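This report describes selected features of one protein model. It covers aromatic pairs, charges over rings, a pocket and some backbone details.

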Amino acid sequence: MQRRTTAAALGVLLTASVFAGGIAAAAPATAAEVPPEGITHEENDRVPEGSVWTEHYFPSTDGVELHADVLRPEGLPAGAKTPVILAVGPYFGHAGQTGPEGFTHTGPSARFNDFLEGADLFDEGFTYVMVDLRGFGGSTGCLDNKGPGEQNDVRAAIEWSASQPWSNGNVGMYGKSYDGATGLMGNNLKMPQLKAVVAQESIWTGYNYLFSNGVPRPNATGTPNSYNNIATMDPLADDTSRYQANARYEESHPECLSENIADNYEPDPNAPFWQARDMAANAKGTTTPLFVTAGFIENNTKPEGMEEFLKNHVGPERGWLGQWDHVRGNDRVSDGRLAMGREGWFDEVMSFYDQYLKGEEPTTTYPTYSIEDNLGGWRAEPTWPTPDRRLAVALGNGTYVDDGGAAGVPYASSPSTLALPKSYGQWDMESAPRLEGLGATRKAASPSPSSDAASAEPASSYLVWSDVVRQETRLTATPRVELTVGAAGNVMVKVWDVAPDGTAVMFDENVSLVKKGRVGFDLKSTDWTLQAGHRLAVEIGSITTGSWRDTPSGATISVTGAILRLSTESTADDVPTAGERSPFLDSYIQAYTRTFPEPGTPRFRL
């Protein structure tokens, strides 16, 4: 019973600090109300052990009211102040994260219970706060995908968490995917209360999740619709009356749903809508200590804009970068192996938080960046990227037919082993497909007669070859392609690692709409090592995979003056660090491998 007395004393302080319209001031309701002194695990099995749960409401901008679930360490003395770990996002609804999860009674989201337990967060003296973005869970307002409204919600959540009487004023943010992106938003706000951000598998710009240089991705409308579905999830029967009313906000504001679809369907990356959501560009001069993870080959939150963000961020950094999919640092695959291949996620995260939220000197020295390349080896780096050379390799001229693959591609195109469901494209950031594969195409691409750019009959794409690599060479940073095209249409550029036996792995790509004239665009950030004896092959042509919803122009498009800008580094000075081969790497290689013909005349060397 001592726990109850302590919680009650703490609750007096909490209630006194809540926004005037907070839960203590809520009108009487038929649904059960969370008592101001809080609820423990013994009273509600959805409350993590060792914590006390309370609910709160506070204002954001535009008349929006935000809802927060707060978990405090159980048994704290009255007036005890702690640092706060804050998570802000769309997935903290009481009924479920991305859809109803079958709960029979209300309680705080279990989204990051793995973190709470694995890091012993409450025993380590931290308070954990989950805030619903506008339109989600118990918060009012219309959705505003990464926009000014959501940025204001993050600002309000940081200010509120830092100003409570149970907070010592130091806030750290934690998240993965969407709620990793809100951490990057928090960094960009340059708030003194925010002391550290841990962002796993985040996007780096809002635009690139739905479009690529004017070409819609398959989820361009499906993802906004998926978030509409999350926003309109029914609350639970025993949620408080205030929570239930807020959760049903869209019922009286149906325009929120249609505007969310329409506003996000903007193909122009330079439109004001997307400029306000360009987290990479808006990170310039930011200094919040940042711990990030990114999978170079993941199919969901791809590493587009990552290098720009990290270049613009000038504060302390920590990172795990490697060859995995959309996973957390502590996730394991079915056979028990760590999905990222590296032990110690929670130890390293808590060392990071202790340093910047508690002012404690680390007792273990960790690499600034721990990086896995495609050979499965891990190395320590002082930053990323660390190129030795930057090259501009001339790819010459060529011609292709922008027909989506009907005229064939210059290699054997295997039948797809990855069936795309009818609902393909209907995903939120937590539920995207792990793999699409080169064979998962909507066009019947067959081999063309020649692999050379000088083929007499243009195919849907052509290859440009490098000379053989004489020594192991790593391609790093963000490749960029520039070319002049003779007609409007689409262009796709793929970069292949070709072994001496013709086995080729596609490891980087991007697409763009093109108009007659000069065009340039970035590929994805990469960290891929070419072994001695391998070649690089660059494929230029029409979009032949289902990873975009392009409209082929049918035009025969001439390409002149093509240049691929690359960054390379030697592997000779690599400093090994702990880590195993991430399991997803083999799945990726299997899905993105083809057999190439005899190489054409080398056009460049690395």
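In this predicted model, Y91 is buried, with a relative accessible area of 0%. That value falls under the 20% cut-off, so the residue counts as buried. Y91 lies in the loop between β4 (82-89) and α2 (113-118).

**Aromatic pairs**

A search of the whole structure finds 31 aromatic pairs. A pair of aromatic rings is described by the distance of the centres and the angle of the planes. One of the pairs joins Y91 and Y178: their ring centres are 6.3 Å apart and the planes stand at 85°, so the pair is edge-to-face. Y178 belongs to helix α4 (residues 178-188), and with the two positions 87 residues apart, the pair links distant parts of the chain. Like its partner's, the relative accessibility of Y178 is low enough for it to count as buried, at 2%.

Y207 and W274 form another edge-to-face pair, with 5.6 Å from centre to centre and 80° between the planes. This pair, too, links distant parts of the chain, the two residues being 67 residues apart. Y207 is in the loop between β7 (194-200) and β8 (211-212), while W274 is in helix α9 (residues 272-275). Y207 is buried at a relative accessible area of 6%, and W274 is buried at 1%.

Ring pairs also build a cluster, and among its members are F92, F112, F115, Y174, W320, W345 and Y356.

**Charges over rings**

Which rings have a charged end of an arginine over them? Two cases are listed here.

| Charged residue | Ring | Distance to ring centre |
|---|---|---|
| R242 | Y57 | 4.5 Å |
| R277 | F273 | 3.6 Å |

**The largest pocket**

How much space lies in the largest pocket? The value is about 1,000 Å³. The lining of this pocket is made up of 43 residues, and those closest to the pocket centre are N213, E308, R480, F521 and D522. Elements that give two or more residues to the lining are α9, α10 (306-312), β16 (473-485), β18 (503-514), β19 (517-522) and β22 (556-570). Sorted by class, the lining has 13 nonpolar, 16 polar and 14 charged residues.

Where does the largest pocket lie with respect to domain 1 and domain 2? Domain 1 (39-288) and domain 2 (389-418 + 457-595) both give residues to the lining, so the pocket lies between them.

**Backbone details**

Most residues other than glycine have a negative phi, and most peptide bonds are trans. The following positions depart from that pattern.

W384 and P385 are joined by a cis peptide bond, with omega at about -5°. P385 is placed in the loop between β13 (378-381) and β14 (389-401).

D62 is not a glycine, yet its phi is positive, near 60°. The residue is in the loop between β2 (51-59) and β3 (65-73). Is D62 buried or exposed? Its relative accessible area is 65%, which is over the 50% cut-off, so D62 is exposed.

S177 also has a positive phi, near 70°, in a residue other than glycine. The loop that holds S177 runs between β6 (167-176) and α4. Unlike the exposed D62, S177 is buried, at a relative accessible area of 0%.

Conventions. Residues numbered from 1 in each chain as written. Predicted model: local features only at pLDDT ≥ 70, side-chain atom pairs only at ≥ 80, totals over all residues. Heavy atoms only, no water. Phe/Tyr/Trp six-rings, centres within 6.5 Å; stacked < 30°, edge-to-face > 60°. Helix = DSSP H or I, 4+ residues; strand = E, 2+ residues; numbered from the N terminus. Buried < 20%, exposed > 50% of the residue type's maximum accessible area, 1.4 Å probe, protein only. Lys NZ or Arg CZ within 6 Å of the ring centre and 35° of its normal. 1 Å grid on protein atoms, 1.4 Å probe; cavity = no way out; pocket = protein on both sides within 12 Å on 5 of 7 lines; lining within 4 Å. Points joined across faces, edges and corners; volume = space filled by probe spheres on them. Nonpolar A, V, L, I, M, F, W, Y, C, P; charged D, E, K, R; others polar. Domains from an automatic or database assignment.
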